[in-house]
Structure formats: C-alpha cells, structure tokens
Amino acid sequence: LVMAAAAARAGPAHAFALVDRALALAAADGASAAPAGVTLALEMQAAIAEETNDAASAAERQALVDALVPRLTDVLGTAERVFEACQASSSGSSADVRETGFESLRAAALHAALAWLKLDERGGGGIVLSPGQLASSRGGLLRGALACLGADDAATGDKATEFCVAALAYGAPPSPVPGEDESAVLGMIQTTVASGQTAVGNAEAEDFARNICKVAVAVVERDASFVSSASAPDACLALTSLVLSLAETHDFGIMEACADYFLMLNTVSVADRHPGLNAPLFQRVLAACARHASFPTGFTTWRDARLDRDAFHRFREQILVDVLDNCFGMCGIAENGGGYLGFVLSQLETIASWQQAESALFLARAASSAAKRLVVRTRAAERERETESETREREGTEMFLRQTLSRIGDASPGSNPAPNSAVFASHPLVVAAAARVIGAYAPWLGHVAGRGDEGGVAIKCAAYLLAALQAPEAFRHASGAFHALCAQCADAFARRDTVATLLDAAERALPESPPSGDAGEGFGVGGGAFGGGGVDGDDDRAGVVEGLARVVAAVSDPREAASCAKRLTAPIMARAARHAERAKATGELPSALSAELKLLASAVRFLEFPGFDAAARRLATNGASTSAPIEHPALAALQEAWPTLSLFNGEPWRSVPAVADATSAVYQKALLCAKDKSFAFAPHVLEALAATFAAHRHPSCLDALGTAAEACFASLSGHEANASERLHAVFGEAFASCVDAAAATLSANAIEDAADVARALFECAHKLATFAPFVFLNATHGVDNRLACHTVLSVAVAALQTRERDAVRAATALLAMAAAPGDAASRSETWRAARARSVDAFFVSATTGEAVVVAVLRAGADHAPRHVLRPLAQFLFVLRSTYGNVINEWIAKTLGDASFPDANAPASAFAREAFSVLATDRAVSLNDGVPRAPLDARRWAAACVDFFMICRRELGDDALV
C-alpha cells in the first residue's frame with residue numbers, strides 16, 4: 001500500500017513501473033508454484049489502481065489512467081489465470097481450494113480485477129466493460145467470480161459478490177454487438193440459479209444465500225423489465241423463485257438482503273408483468289414477511305436474547321414496512337376474504353402464541369398508510385367518483401378494521417371480551433403493538449366516530465389505551481396513540497359522560513412521576529427507544545393530558561368545558577404538591593415537581609376553545625342565568641392551579657430554574673389560549689413573573705412577559721379603553737421591574753456571562769414594542785425615572801460588542817424595530833406622541849446615537865456572527881433613511897479612523913474610503929468623478945455586507961469597485 005501510494009504521487013512513470021514489477025512478480029512465480037507471491041503482486045496491482053481513482057485532482061487522475069490503461073489486459077489476464085490455475089490444481093471444490101492455499105489468491109484476483117475495471121478518468125466509480133464485453137474477453141474471470149459466491153471463506157465470497165454486482169451495474173458503454181450484454185446477463189442468471197439451489201434451506205449456507213440475493217438485486221436493478229416482463233426467459237422466473245425460496249427458508253438477514261428485489265419487481269406495471277409475478281408471488285412474500293417479523297419462539301427479554309435489538313427493529317421499521325406496503329398494493333382486498341388483510345385476519349383468528357399476535361399487529365400497522373387512503377375519503381368529490389371495485393375495497397378494509405379494533409378494545413378492563421381478545425393483553429409487546437395499530441388508524445376511527453360510531457369502537461380503543469399505560473414497555477406508544485385518537489375523535493368524545501369517564505380513567509392510569517426510560521429494558525421494545533421517559537427526557541404522560549385537553553376544548557358548552565378543565569388540572573397539581581413536600585423533606589432536586597408543571601403546560605396549550613365568544617353569546621341569548629362571568633377553559637385550569645402555583649412563585653421553589661421555567665411555561669400557554677379573556681388574571685401573572693425575575697434572573701420570566709403582551713394586546717380593540725389603561729399600568733410596572741433587575745445583572749457582569757438574560761430582555765422588549773408600544777415607549781424605571789426603552793437599547797448596543805449569537809441577533813432586531821417600527825405603527829397616535837422623546841432622542845443623541853453607529857460597523861467588520869451581517873447592514877440603512885445626515889457623518893467619522901475595525905488588523909484605506917463614498921451617497925464616483933445615483937436598500941445592504949467581508953479578510957478590496 002505504501003509503495004502504491006508513493007508511486008501514484010510520484011507520477012505516471014513510477015506508477016507504470018510499479019505495475020510492471022508486479023506483473024513480472026506474478027509471471028516469475030507462477031500461480032500454482034507460489035500463491036503467496038502472486039497474491040502480493042495482485043494486491044499491489046489493486047492498490048495502485050485504487051490510489052489512481054483517489055487522486056487529488058482530475059488532472060492527476062487523467063494522467064495516471066492514461067498511463068495505466070494499456071496494462072488493463074495484462075492485469076485481467078493475470079487474474080483470469082488464477083482461476084484457471086485453481087481449476088487445474090484441484091477438483092475445484094471449496095475444500096480442495098482451501099487446502100491448496102488458493103482461497104486468498106482468488107480473493108486477491110477479484111480485488112485486483114475489479115479495481116482495474118474501475119479505472120476511469122472521470123472517477124465515476126463504475127467499471128469500464130459492459131457485461132457482454134467482460135464475458136467475451138475474460139469469460140473465465142466472470143465464471144470464476146460466480147463460482148466464488150459460495151466460497152467457504154467469507155472474504156472471498158464478499159469480493160466475488162462485489163465483482164458481480166459491479167459487472168451488472170450500468171456505467172460502462174453498452175457492447176456494440178447486438179444482444180451480447182443481454183446474453184451475458186442471462187448466462188450469469190443461469191449460473192447463479194444452478195448453483196444457488198444448494199443454499200435453499202441450508203442453514204450453513206447463510207453467506208452464500210446473502211451473496212445470491214445481492215447479485216439478484218443487481219440484476220433486477222439493471223433491468224426490471226428483463227426479469228419480470230411477460231416474455232421474460234425461464235431463467236429469470238427461476239431466479240425470482242430462488243430468491244423467494246431463500247427468503248422463506250433463512251433468517252431475516254436474507255430477507256433484508258433481497259427486499260429490494262421484490263420492490264424493484266413492483267416497479268414494472270402489472271399489465272406488462274408476467275402473471276406469475278403478481279398477487280400469488282406477493283402473497284408468498286407476505287407470508288415470509290410475517291415469519292421474519294415475528295419474535296423468536298423462545299424470546300423472553302433482550303438481556304437473554306441472541307437477537308440484536310437495534311438490527312431487528314431497523315429491519316422491521318425500515319425494510320419490512322416498505323415490502324409490506326407493496327404486498328398490500330398487490331394482494332389487495334380479495335372477495336373471498338383473502339388478500340393482505342385476509343391474511344392478517346387469519347393470523348389473528350388462529351393465534352398460537354403472543355409472537356404470532358404481535359407479528360400480525362405489525363403487519364396491520366405496516367399497511368396503514370395505504371389502507372387509510374381507501375377508507376378515509378374526506379372530499380365529497382372523491383366519494384362520488386368511487387368505482388365499484390374501490391367500494392368493495394373500502395368496505396372490506398372497513399370490515400377488517402372494525403373487527404380487529406373492536407377485538408382490541410374488548411381486551412380492556414371492564415369490557416365484554418370477544419373470543420381471542422385476551423391475547424391483546426397477554427404480553428407487553430402485544431400491548432405495545434396494539435396501541436400502535438390504534439394510533440395508526442386513528443383517522444379512520446375519527447371518521448367512524450363522526451358518523452355515530454356504531455358499536456363504540458373508538459371509545460373502546462380509548463379505554464384500551466388508558467389501560468395499556470400500566471405496561472411500562474407500551475407506555476410511550478399508548479400515550480401517543482391516545483393523543484392521536486383524541487385529536488381525531490374530539491367532537492365525538494366531547495359528551496359529558498364520555499369526558500368524565502376518560503378523565504377518571506386517566507387519573508387512575510397516569511403514574512405519580514414520569515415513567516422511567518429503563519422500564520422496558522428487559523422486553524422487546526426497550527425503554528430508551530419506545531417506552532417511558534425516553535432518551536430525550538420528554539414526559540410521555542403529555543400525550544394523555546394533551547389528548548384529554550383536546551377533548552375538553554371540543555365541549556360545546558363553555559361552562560362544562562371550564563369544569564372539565566379544572567378536573568383535568570386538579571390531579572396534576574395534587575401530584576405537584578406531593579412532589580414539593582417530598583423534595584422539601586428530602587432536600588432532593590424537585591425534578592418530579594417541574595415535570596408536573598410542564599405536564600400542566602402541555603395540557604393548557606390545547607385549551608384554546610376557538611368558539612368561546614360565540615358559545616358565550618349563545619348562552620346569553622338562550623337566557624342562561626349565571627352569577628359569575630363564563631370562564632375560558634384555559635383560565636379555569638389556571639385558576640384551579642393557582643393556589644398551588646402561588647406557592648411555587650415563592651421561595652425556595654422559584655430559585656430552581658427548572659421549576660421557574662415550567663411555571664412560566666404554564667403562564668405562557670394559558671395567556672396565549674385565553675388572549676383577551678385573560679385581562680382579569682394577567683396582573684397576578686405579571687406580578688409573579690416580575691418578582692421571580694427580580695429575585696433570580698430566570699430568562700423564562702422575560703419570555704413569558706413578552707408572550708403575555710402578545711396575548712393581551714394583539715386582540716385588544718378600541719372599545720376596551722379602560723382595560724387598555726389598566727393593562728398598560730401593570731405591564732409598565734412589570735417591565736420596569738424587569739429592566740431594573742436585568743440592567744443590574746448585565747452591568748455587574750459581562751454580557752457573555754448572562755447572554756440568555758440579554759437575549760430574553762431584547763426579545764421581550766421587541767414584543768412590547770410590537771404589541772404594547774405605549775408600555776415600551778413610556779415605561780420608566782429607577783430612582784431617576786429613566787425611560788426603560790433607553791436602558792434596554794443601551795444594553796442592546798453593548799451586546800453588539802460580543803460574539804453571542806442569540807443575544808446579537810435579538811439586539812439587532814430590537815434596534816431595527818425601534819428605529820423603523822413600520823408604516824402602520826409610525827402613523828399610530830402612540831408612536832407619534834412618544835417617539836420623539838424616546839427612540840428618536842436615543843438615536844440622534846451625540847452620545848448614544850454615535851455609539852450605535854460605531855457598534856454596528858465594528859460588529860459587522862470584526863466579530864459579529866455571520867448570520868447577523870445582513871441584518872446589521874439593513875439596520876444601518878434604516879438608521880440612515882430615518883435620521884439622515886447625522887448618521888452619514890458618524891459613518892464617515894468612524895470609517896475615517898485608520899485603526900478601524902481593530903488596531904491589530906485595520907481595513908485598508910481604500911476599502912474604508914470606497915465604502916464611505918457608497919454608504920453616504922456622495923455625489924460622485926470615487927474613481928472618475930462621474931455623478932452617481934444613491935443605492936437602493938437592497939444594493940446598499942449588499943455593499944455593506946461586502947465591506948464587512950473585506951474587513952474580515954474574506955473578500956478583496958475590489959469587491960466594492
């Protein structure tokens with residue numbers, strides 16, 4: 001390898017000389033006399049060819065290929081003579097070849113031949129001879145490669161497979177002799193079929209079977225029509241039969257190797273395909289898939305299993321699912337109860353073990369995408385265009401789903417079990433598989449529920465899923481499926497008795513703490529991948545509470561919805577209180593407490609109740625009497641939680657970042673859902689957020705404050721003036737308090753050490769400027785009643801001097817918004833009344849305004865993250881457009897500094913002067929004095945970014961010419 005690498009880098013002459021030495025070594029020793037010497041010569045030839053294909057440049061590769069190609073015939077001849085010598089020196093059997101030491105020699109011959117066949121000046125990776133050319137010029141080499149597919153030595157078999165696959169792949173120009181390539185391919189198929197029969201059912205021939213399948217896949221990928229057309233040769237049909245027999249009689253690794261064969265067959269239209277390669281073939285493929293999808297008979301846990309868990313799940317979810325989807329399309333819904341779903345149904349009706357049940361459920365889920373397209377037709381036009389055949393398929397699929405899902409639902413506690421239903425509760429893996437089936441067909445269940453749900457299939461499935469939560473191995477799938485089911489069936493479930501039943505069942509089923517990710521380690525699904533808390537740390541209980549929240553939000557009567565929202569919240573807060581007591585008593589970190597609060601936030605975010613106003617008006621019109629205003633469900637949930645939440649707003653809980661973040665998330669979700677209905681509750685929330693931030697500087701408090709401004713002010717209309725005044729007051733106090741605390745932190749510490757606080761402050765101020773400009777422009781803080789917006793903008797300018805990605809991005813966005821809030825905002829009374837003394841005073845001040853320009857230019861030219869260069873340039877243009885000549889003067893002054901942007905790496909005088917001319921719209925061109933029109937916004941920003949790149953040494957000075 002070292003000699004080959006050195007020769008290739010030394011040039012074509014040295015490479016050619018090394019090949020000559022290798023050929024001479026092989027010729028001098030003779031294949032039969034000294035296999036070791038010939039093996040060395042062949043490996044040397046392979047190495048020089050591989051080094052050529054890996055040359056550093058196209059020019060080097062071209063020169064090497066031109067020098068070596070004349071030796072291609074000699075190298076292939078040497079490899080071919082190896083197989084002739086092997087045949088002459090022994091009977092040709094694997095044992096004889098191994099005993100005479102020729103096994104490694106055959107592998108080396110195949111390696112060298114393939115490497116030289118891939119010599120290509122384009123570096124494309126294909127070989128230079130078509131199958132016909134290879135068979136006619138070096139037939140012995142091709143026959144030898146086919147004979148080595150079943151070699152006892154795995155390395156030799158792998159080399160032979162690689163050679164045959166490369167020979168079959170397209171890449172080389174076709175043979176000029178008509179039909180030569182087709183004849184060669186057909187000969188390879190015949191040889192493979194003849195030798196491959198010994199691998200059928202032979203457990204010791206696993207490698208041989210895999211190699212045959214790989215070659216067969218290469219054949220069908222070369223020309224699927226040649227293999228599967230109505231006029232396909234008998235050898236091609238025999239190849240398909242051989243591949244299927246190998247899949248049926250070997251382990252799932254062989255099915256994995258030949259899966260693409262059946263997928264490629266299905267790319268040929270049914271009309272053009274041989275009759276034997278349609279439904280009957282894929283019915284056998286389906287049976288083979290069912291066998292390979294099943295867990296081994298003696299399977300207990302992964303700890304004791306010989307089966308590799310990751311490989312098995314990857315095989316099922318990434319390989320078999322595609323094959324089964326094709327099987328569903330080909331087998332269809334047979335009138336006699338056969339077809340794909342008929343096969344699955346027969347498996348479920350003749351269950352002999354939990355493994356068979358789990359495998360059948362996997363098959364049912366694998367076909368869900370295609371099956372749902374048959375049964376869920378949401379558009380009237382689709383239903384009207386339905387043909388008689390499509391109607392039969394839809395009805396057959398619906399019958400299967402109703403029967404199967406009803407049986408699954410009957411396995412839940414308290415139901416009337418149907419025959420064989422008990423199997424769906426027989427093993428944690430079966431429970432997980434059944435839950436995934438329900439989740440996969442949730443759209444159909446929603447479709448059925450919308451039509452009355454005869455037999456109560458959907459509600460029975462919901463009960464089964466809640467019961468399935470008791471199996472840790474099935475928890476994640478059951479939770480996700482319950483969420484999907486509730487999302488599809490929310491309107492059907494939104495009846496008083498149904499909601500109450502679901503809430504009670506969920507309260508009993510949900511565990512005290514997030515399920516552990518290791519709970520299912522000993523079983524088939526595994527904790528980290530499919531059960532419990534998961535590797536991402538998410539709480540899988542969220543699927544249940546979010547599903548219930550969707551149902552609650554679908555309740556038509558807002559009073560009942562508010563009552564249900566409280567019932568949903570109560571057990572969560574009860575668990576949170578218990579966790580708090582336990583953490584306080586033990587001194588442990590309250591991770592379980594923060595998990596409950598996140599769970600509450602997950603529930604609240606789905607309690608938006610979009611028809612609340614209309615429902616409230618309808619109740620008023622119908623004369624509904626109530627002594628209190630109708631509560632929005634999200635606020636009802638927050639009110640139910642408030643007594644406990646108020647405890648967490650105090651010490652010691654608010655000092656814990658996870659608890660404070662989770663509490664802030666609850667407030668955010670509730671206010672976003674309730675919007676303008678949250679006016680009465682907003683002051684309490686803002687007080688809690690401001691107090692928590694002042695005490696501990698949690699960025700999440702500022703995030704929640706910004707969200708609260710968006711929620712409360714975005715939908716505020718003109719007739720709510722009184723509410724607006726009250727909100728302005730409470731938001732102003734909260735904003736001022738937070739600015740006080742943030743400014744103290746950011747002045748006492750480097751911004752880099754509190755970058756999250758800076759980012760949150762800027763984003764909060766940005767939202768206030770957008771949705772509550774009165775607060776942003778007029779709020780004051782500190783003993784000197786300084787404008788809060790001036791303090792925030794000053795901190796934003798300071799942040800531009802850092803390299804903090806998020807903080808710089810948020811600071812730039814805030815500064816740009818303050819300078820140019822938009823046409824509609826600029827015309828508003830609020831901006832017209834307060835702008836002059838707030839933002840205008842800041843940007844035109846000789847102190848703060850010039851500091852802004854200097855900070856922007858130095859940040860862009862030196863240290864700002866790349867993604868903010870254009871926003872910085874656009875902000876600078878906005879400043880010029882808004883404030884005119886004073887900004888141009890500060891730009892010219894800054895660029896006139898010879899040390900700009902850094903005394904250790906200043907920009908050239910030409911670049912600074914050139915951009916100064918462009919940036920300040922001077923009347924003439926720098927070079928020839930010709931008058932020049934000012935640049936528009938897009939070109940100005942582009943020129944500014946180019947200048948920044950010049951200063952960073954990433955572009956030359958001529959970029960601005």
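In this tour, Ala, Val, Leu, Ile, Met, Phe, Trp, Tyr, Cys and Pro count as nonpolar, Asp, Glu, Lys and Arg as charged, and the others, Gly among them, as polar. Keep in mind throughout that the model is predicted.

**First stop: a cavity**

Rolling a probe the size of a water molecule over the atoms shows where empty space is left. In this model the search gives three cavities of 30 Å³ or more, and the one to visit here is the second largest, with a volume of about 60 Å³. Select Phe-648, Asn-649, Arg-654, Ala-660, Thr-663, Ser-664, Tyr-667, Ala-688, Leu-689, Thr-692 and Cys-701, and you will have the residues that line this second largest cavity. Sorted by class, that lining has six nonpolar, four polar and one charged residues.

Next, colour helix 34 (657-674) and helix 35 (682-696), since each of these supplies at least two residues of the lining of the second largest cavity. Which helix gives the largest share of that lining? It is helix 34, with four residues.

**Second stop: a pair of helices**

Now move to helix 15, residues 252-265, and helix 16, residues 279-293, whose axes lie 11 Å apart and make an angle of about 150°. Because angles over 145 degrees count as roughly antiparallel, helix 15 and helix 16 are therefore described as roughly antiparallel to each other. The crossing of helix 15 past helix 16 is left-handed.

To display the contact, select Phe-252, Met-255, Phe-262 and Leu-265 on helix 15, together with Leu-281, Phe-282, Val-285, Cys-289 and His-292 on helix 16. By class, this contact between helix 15 and helix 16 has eight nonpolar residues, one polar residue and no charged residues.

Methods:
Residues numbered from 1 in each chain as written. Predicted model: local features only at pLDDT ≥ 70, side-chain atom pairs only at ≥ 80, totals over all residues. Heavy atoms only, no water. 1 Å grid on protein atoms, 1.4 Å probe; cavity = no way out; pocket = protein on both sides within 12 Å on 5 of 7 lines; lining within 4 Å. Points joined across faces, edges and corners; volume = space filled by probe spheres on them. Axes fitted to C-alpha atoms, helices over the stretch in contact; angles between N-to-C directions. Parallel < 35°, antiparallel > 145°, perpendicular 65-115°, else oblique. Left-handed = near helix turned anticlockwise from the far one by under 90°. Contact = heavy atoms within 4.5 Å.
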